[in-house]
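Colleague: Before I rely on the labels in your annotation, I would like to hear how each of them was reached. Please put the model up, and I will ask as we go.

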Amino acid sequence: MHPNPNLIADRPTFVTHLECSLTGERYAADELHGLSRAGRPLLVRYDLDGVGAALPRPLLEGRPTDLWRWRELLPVRHPRSIVSLGEIETPLVPIPASAGASVLVKDEGRLPTGSFKARGLVMAVAMARELGVTRIAMPTNGNAGAALAAYASRCGIETIILAPQETPEVNIREIAAQGARVYRVNGQIDECGAIVGRGAAEGRWFDFSTLKEPYRIEGKKTMGLELAAQLGWRLPDAIFYPTGGGTGLIGMWKAFAELEALGWIGPERPRMYAVQAAGCAPIVRAFEAGVEHAGRWEDAHTVAAGIRVPKAVGDFLILRAVRESGGRALAVGDPAILRAVDECARTDGLLLCPEGGATLAAYREALRTGEVDADEQVVLFNCATGLKYPLPPAGATLDKDVPIDLAAL
Ligand SMILES: *Cc1c(COP(=O)(O)O)cnc(C)c1O
């Protein structure tokens with residue numbers, strides 16, 4: 001038996017079908033799917049009455065608090081398909097000095113491979129394995145490739161990873177160390193994605209690009225489920241989410257709808273703030289223009305590699321969730337991002353990744369403009385450990401062989 005009681009075999013599952021996020025067209029469960037025929041992401045649908053009957057809330061609350069406690073709301077049919085590296089519930093950490101008393105950081109850097117990409121990829125790999133996939137390719141800005149490499153290598157699935165030239169060195173090495181073949185490409189992530197798409201069309205591999213397979217959203221959805229449980233089945237007033245492909249924002253929005261259908265939360269929703277970098281802000285531009293789809297952002301650049309996504313296939317889903325929630329899409333510049341990372345580490349002792357720093361910078365700006373009030377409960381998402389990114393140089397030297405002025409240290 002598996003040492004984690006959440007991974008025992010005798011639990012029913014509730015997926016009924018998949019559905020095109022644009023047209024609503026139905027697709028059969030338990031078959032391998034990419035995008036819908038309309039070229040849009042597929043969403044997984046469940047028999048939520050069945051889930052409610054099988055999983056009364058007290059039963060859920062009695063389980064260990066990892067990602068797999070939500071199994072009835074997840075797509076995997078057989079626990080033997082799951083390759084787990086220990087997907088823990090991530091903590092909500094206050095950062096009173098840099099943001100004030102009403103702000104919590106959901107620190108996703110504690111997950112396997114140091115980022116929340118583990119939530120999406122542990123699910124997508126389990127489903128790929130369940131559906132017989134043996135070779136996967138993916139474009140990545142770093143963290144997704146690392147998570148895919150880890151889970152896929154562990155169960156013998158071969159992986160080919162394409163990353164933009166400017167991907168941080170540590171990510172490239174991490175991906176290679178975890179058993180993938182990784183290539184730097186002289187282009188942006190969507191251009192890497194185009195190459196992956198060509199190979200998939202030739203039948204060389206399965207395409208794991210963001211939202212081009214249906215199950216990463218389901219893994220990312222657990223951020224919303226977890227947040228509700230951690231806050232006692234209430235949601236915060238506002239969520240600030242660093243938005244690249246938008247999987248997490250779309251996933252949380254889906255989680256809230258499923259929790260409401262179960263009767264576990266009411267109709268209230270947080271205002272969702274999609275945070276982007278000023279050097280790559282296609283969703284912000286589309287939000288402000290009032291349009292449903294976002295055009296490609298040319299000459300994308302930012303220190304926050306995870307949100308350097310010039311074109312997102314789920315653009316309309318991000319924009320819909322943000323608008324329905326009464327939130328906004330916000331852009332912050334690299335200097336503000338780096339200042340926020342620096343201040344949070346120096347004063348609150350929490351080393352954010354640059355993408356997490358972007359949410360803190362955006363929160364402060366929103367506070368300044370009156371978009372949020374200081375007493376509203378806010379959750380910022382820090383989606384990777386700050387240790388995966390280049391840090392500013394530091395460290396003077398001491399000569400142990402000469403007298404040391406200890407009072408001056
Ligand atoms: C991928 C990534 C993001 C963006 O996540 P999406 O859900 O794809 O928008 C944000 N921060 C970090 C650290 C990431 O790796």
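Colleague: What makes the pairing of glutamate 258 and lysine 254 a salt bridge?

Modeller: The label requires a side-chain nitrogen of Lys or Arg within 4 Å of a carboxyl oxygen of Asp or Glu, and the side chains of glutamate 258 and lysine 254 meet at 2.7 Å, N to O, so the pair satisfies that definition. Because they are four residues apart in helix 9, about one helical turn separates them. This is a predicted model, in which local features need pLDDT of at least 70 and side-chain atom pairs count only at pLDDT 80 or more, whereas totals for chains, interfaces and linings use all residues. Residues are numbered from 1 along each chain as its sequence is written, and side-chain values use heavy atoms, with hydrogens and water left out.

Colleague: Why is glutamate 258 called buried?

Modeller: Buried means under 20% relative accessible area, exposed over 50%, and partly exposed in between (1.4 Å probe, protein chains only); glutamate 258 has 5% relative accessibility and therefore counts as buried. Lysine 254, at 7%, is likewise counted as buried.

Colleague: What else does glutamate 258 meet, and what makes its link to lysine 221 a polar contact?

Modeller: A polar contact is a pair of N or O atoms within 3.5 Å, where within protein one must be able to donate a hydrogen and the other to accept it, and residues adjacent in sequence count only if both atoms are side-chain atoms. The side chains of glutamate 258 and lysine 221 are joined at 2.8 Å. Leaving aside residues up to four places away in sequence, glutamate 258 touches Val44, Tyr46, Leu48, Leu73 and Lys221, contact being heavy atoms within 4.5 Å.

Colleague: Which salt bridge joins arginine 40, and what does the pair tie together?

Modeller: Arginine 40 pairs with aspartate 315, with the closest N and O atoms 3.6 Å apart. A search of the whole structure finds 33 salt bridges. In this one, aspartate 315 lies in helix 11 (residues 315-325) and arginine 40 in the loop between strand 2 (26-28) and strand 3, so the pair ties together parts that are 275 residues apart in sequence. Aspartate 315 counts as buried at 1% relative accessibility, and arginine 40 also counts as buried, at 19%.

Colleague: Is arginine 173 buried or exposed?

Modeller: Arginine 173 is exposed, because its relative accessible area is 56%. Its salt bridge is with glutamate 169, the closest N and O atoms being 2.7 Å apart, and glutamate 169 counts as partly exposed at 38% relative accessibility. Both residues lie in helix 6, four residues apart, or about one turn of the helix.

Colleague: How do you know that the span of helix 5 agrees with expectation?

Modeller: The expected span of a helix is 1.5 Å times one less than its number of residues. For the twelve residues of helix 5 (residues 143-154) this gives 16 Å, and the end C-alpha atoms are 17 Å apart, which agrees. Helices here are DSSP runs (H or I, at least four residues), as are strands (E, at least two), numbered from the N terminus.

Colleague: Why is helix 4 described as largely enclosed?

Modeller: Twelve of the 14 residues of helix 4 are buried, so the rest of the structure largely encloses this helix. What covers those buried residues includes strand 5 (103-107), strand 6, helix 5 and helix 8.
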